[in-house]
Amino acid sequence: MSDDPLHNLHLQSSGNTADGGFRLSVAADETRNDGVALVFAGMADILEREDAPNYVEFDLHRGVGKRPVSVCVRWLDRPTPHELRRTAEEHSMQLRTVNQHLHAVIERVRALHTSMTDNDGYLRCRTCRQYTPCDTVRTLDRI
Ligand SMILES: [Zn+2]
């Protein structure tokens with residue numbers, strides 16, 4: 001028996017990923033009493049059992065003096081953690097742009113409702129003529 005834990009797995013492809021990883025694609029026969037294949041099968045079972053929509057991560061603490069690792073098991077047809085983060089960042093940028101636009105609109109409305117002194121010396125909104133702050137400005141102050 002080989003010392004290589006992958007010796008019973010059928011390597012289909014391998015190579016570096018665009019985000020700095022290395023990917024092995026293997027076919028594992030779960031019916032064989034092979035340690036690595038059983039571990040992979042167990043990880044897939046956890047993914048199913050936990051009803052994880054994308055992936056399950058296992059933090060592996062290897063002992064004193066050894067660098068711990070994280071093992072990510074995901075459905076092959078679902079996004080990687082990297083892809084999910086990139087999508088979240090894109091949504092965040094879109095929301096930031098919308099927020100900036102909304103802020104600009106609020107400031108334009110606020111500028112229309114600045115106060116002015118009426119003939120009796122009272123401060124009134126120059127647009128809706130209410131005593132200041134008018135309902136519009138009070139509403140904008142709560143946003
Ligand atoms: Zn007003």
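**View 1. The loop between β6 and α3 in the predicted model.** Pro133 lies in the loop that runs between β6 (123-125) and α3 (135-141), and the model in which it is seen here is a predicted one. The peptide bond that leads from Thr132 into Pro133 is cis, and its omega is near -5 degrees. Arg129 is found in this loop between β6 and α3 as well, and its phi is near 70 degrees, a positive value in a residue other than glycine. Arg129 has 10 other C-beta atoms within 10 Å and is therefore exposed, since the cut-off for an exposed residue is 12 or fewer.

**View 2. Helix α3 and its approach to Arg110.** Beyond the loop that holds Pro133 comes α3 (135-141), and Arg138 is found in this helix. Because Arg138 has 12 C-beta neighbours inside 10 Å, it counts as exposed. Arg138 and Arg110 are 28 residues apart along the chain, and their C-alpha atoms are separated by 9.9 Å. Arg110 belongs to the span of residues 81-112 that forms helix α2, so that this view leads on to the next one.

**View 3. Helix α2 from end to end.** Helix α2 takes in residues 81-112, which is 32 residues, and at 1.5 Å a residue it should span 46 Å. The C-alpha atoms at its two ends are 47 Å apart, which agrees with that expectation. Along the whole of α2 the cover is slight, for the count of buried residues among its 32 residues is zero.

**View 4. Helix α1 and the loop that follows.** For the 15 residues of α1 the expected span, at 1.5 Å a residue, is 21 Å, and the end C-alpha atoms are 21 Å apart, which agrees. After α1 comes Asp51, a residue in the loop between α1 (35-49) and β3 (55-60). The phi of Asp51 is positive, at about 55 degrees, although Asp51 is not a glycine. What is the exposure of Asp51, given its C-beta neighbours inside 10 Å? Asp51 has 6 such neighbours and so counts as exposed.

**View 5. Val56 in strand β3 and the residues it touches.** The place of Val56 is in strand β3, and because 17 other C-beta atoms lie within 10 Å of it, Val56 is partly exposed. When residues up to four places away in sequence are left out, Val56 touches Ile46, Leu47, Glu50 and Val73. Two of these names, Ile46 and Leu47, fall within the residue range 35-49 of α1. Val56 and Cys72 are 16 residues apart in sequence, while their C-alpha atoms are 5.8 Å apart in space.

**View 6. The hairpin of β1 and β2.** Strand β1 (residues 10-16) pairs with β2 in the antiparallel sense, and the pairing runs over six bridges. The two strands form a hairpin with five residues between them, and in the turn Gly20 has a positive phi of about 90 degrees. Within the pairing, Ser14 stands opposite Leu24 in β2, and the bridge partner of Ser13 in β2 is Ser25. In a regular strand the side chains alternate between the two faces of the sheet. Of the seven residues of β1 the number buried is zero, so the strand lies largely in the open. Strand β2 (residues 22-27) is hardly covered either, with a count of zero buried residues among its six.

**View 7. The whole protein, as a frame for the close-ups.** The protein contains three helices and six strands, and from the N terminus on these elements run β-β-α-β-β-α-β-β-α. Buried residues make up 1% of its 143 residues. Of the contacts between residues at least 6 apart in sequence, 26% join residues that are at least 24 apart. The average pLDDT of the protein is 87, and 90% of the residues score at least 70. Confidence is lowest in β2, where the mean is 79, and highest in β6, where it is 96, so the views of the hairpin and of the loop after β6 should be read with these two values in mind.

Note on methods
Residues are numbered from 1 along each chain as its sequence is written. This is a predicted model: local features need pLDDT of at least 70, side-chain atom pairs count only at pLDDT 80 or more; totals for chains, interfaces and linings use all residues. Helices (H or I, at least four residues) and strands (E, at least two) are DSSP runs, numbered from the N terminus. A residue is buried if 20 or more other C-beta atoms lie within 10 Å of its own, exposed if 12 or fewer, and partly exposed in between; C-beta atoms are placed from the backbone. Two residues are in contact if their C-beta atoms, placed from the backbone, lie within 7 Å. Two strands pair if DSSP finds at least two bridges between them. The expected span of a helix is 1.5 Å times one less than its number of residues. pLDDT is the predictor's confidence in each residue, from 0 to 100.
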